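Open the structure in your viewer and keep the sequence panel visible. The stops below say what to select next and what is there.

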Amino acid sequence: MRLALVSDIHGNLAALEAVATDIKKRGADAVLNLGDHLSGPLLPRETAQFLMASGWLCLAGNHERQLLACAQQAGAPSDQYAYSQLQAAERDWVRSLQPTCRYSDTVLLCHGTPHSDCTYLAESVRYGEMGLATQKELQQRLGPEYAAQHDLLIACGHTHVPRSVRMRGGPLIVNPGSVGLQAYSDDQPEFHIMQTGSPDARYAIIEQCDAGWQVELHSVPYDHASMVQLARQRGEGFAWWEQALLHGRAA
């Protein structure tokens, strides 16, 4: 079984197309998309249409939930902009997405953790720095039903950090990183910055071999200048996107 993992596209159609081309070149039995597809000032409707036609398995992330909540009250700028660009067909597609999926007996898909779409799984924030979660933190976030399954692979997103982590006596955790947004800052659970230092799109390929799962973390160059220009056109409220898309840095 050879599977491609993508996550956190955030409406970056140019990055998504580059990743899709690279996946096709390398080959995969299926593409699994772990959420946060559209939110941001780029091309949310076009990205939704691409994904709706792709045949990929797509999950809902926290931004899908937040985007849909804009129907009742105004949301954060990235969610509000994306919601305003969608028509009925795209909004119905977003509503149809599930937050978790047991893809097979040995593969579990989620956006954050199996129990929360807005909790980091393999990372923790300490004193404003994002770092690797401890074994105890991983066990708490997974819960007993998952933490003891040594043959399980858990694919997650949300942090935008490409990572492969093996729990002691437990599952393998793989985060493919972000297709479309290589830097951000957040004030939850405390202020911190995520930045890869490169504009390249990220994704992963996992392959089941005799010795276990083999993980390939890929970095794909794309025409990020076109997305920088779009973010600039959207106005000052999205100025930080320019740095993130241009340099993969939050400042």
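## Stop 1: the largest pocket

About 680 Å³ of space lies in the largest pocket. A pocket here is an open set of points on a 1 Å grid over the protein atoms alone, where a 1.4 Å probe fits, with protein on both sides within 12 Å along at least five of seven lines; lining residues have an atom within 4 Å of a point. Grid points are joined across faces, edges and corners, and the volume is the space filled by probe spheres set on the points.

Select Asn-62, His-63, Tyr-184, Ser-185 and Asp-186: of the 30 residues that line this pocket, these are the closest to its centre. Next colour α3 (62-69), α4, β6 (123-126), β11 (183-186) and α9 (239-247), the elements that each give two or more residues to the lining. By class, the lining has eleven nonpolar, 13 polar and six charged residues. Ala, Val, Leu, Ile, Met, Phe, Trp, Tyr, Cys and Pro count as nonpolar, Asp, Glu, Lys and Arg as charged, and the others, Gly among them, as polar.

Before moving on, note that the model is predicted: local features need pLDDT of at least 70, side-chain atom pairs count only at pLDDT 80 or more, and totals for chains, interfaces and linings use all residues. Residues are numbered from 1 along each chain as its sequence is written, and side-chain values use heavy atoms, with hydrogens and water left out. Helices (H or I, at least four residues) and strands (E, at least two) are DSSP runs, numbered from the N terminus.

## Stop 2: the open sheet

Which strands make up the open sheet, and in what order? Its five strands run β3-β2-β1-β13-β14, with mixed pairing. Two strands pair if DSSP finds at least two bridges between them. At the edges are β3 and β14, each of which pairs on one side only.

Select β1 (residues 2-6) together with β13. These two strands pair in the antiparallel sense over four bridges. Ala-4 has Ile-205 as its bridge partner in β13, and Leu-3 stands opposite Ile-206.

Now add β14 (residues 212-220). Nine bridges join it to β13 (residues 201-209), and the two strands run antiparallel. They form a hairpin with two residues between them. Cys-209 of β13 stands opposite Gly-212 in β14. Ile-205, already met as the partner of Ala-4, has Glu-216 as its bridge partner in β14.

## Stop 3: two helices

Select helix α2 (residues 44-54). Which of its residues are buried? They are Pro-44, Thr-47, Ala-48 and Leu-51. Seen down the axis of α2, these buried residues fall within an arc of 100°, so they line one face of the helix. The arc is that of the directions from the helix axis to the C-beta atoms. Buried means under 20% relative accessible area, exposed over 50%, and partly exposed in between (1.4 Å probe, protein chains only).

Show α1 (13-26), β2 (30-33), β3 (57-58), α4 (77-85) and α5 (88-96), against which the buried residues of α2 pack. Contact means heavy atoms within 4.5 Å. After α2 comes Gly-55, with a positive phi near 80°.

Go on to helix α8 (residues 224-233), where Met-227, Val-228, Leu-230 and Ala-231 are buried. Down the axis of α8, its buried residues fall within an arc of 160°, so they line one face of the helix. Their cover includes α1 and α9. Gly-235 follows α8, and its phi is positive, near 110°.

## Stop 4: residues in loops

Most residues other than glycine have a negative phi, and most peptide bonds are trans.

Select His-10, in the loop between β1 and α1. His-10 is not a glycine, yet its phi is positive, about 55°. At 4% relative accessibility, His-10 counts as buried.

Tyr-127, in the loop between β6 and β7 (129-132), also has a positive phi, near 55°. Is Tyr-127 buried or exposed? At 80% relative accessibility, Tyr-127 counts as exposed.

Move to Pro-189, in the loop between β11 and β12 (192-195). The peptide bond from Gln-188 to Pro-189 is cis, with omega near 0°.

Finish at Gln-182, in the loop between β10 (172-175) and β11. Gln-182 is buried, with a relative accessible area of 2%. Not counting residues up to four places away in sequence, Gln-182 touches residues including Met-194, Pro-199, Arg-202 and Ala-244. Another of its contacts is Ser-198; the C-alpha atoms of Gln-182 and Ser-198 are separated by 7.0 Å, with the two residues 16 apart along the chain.
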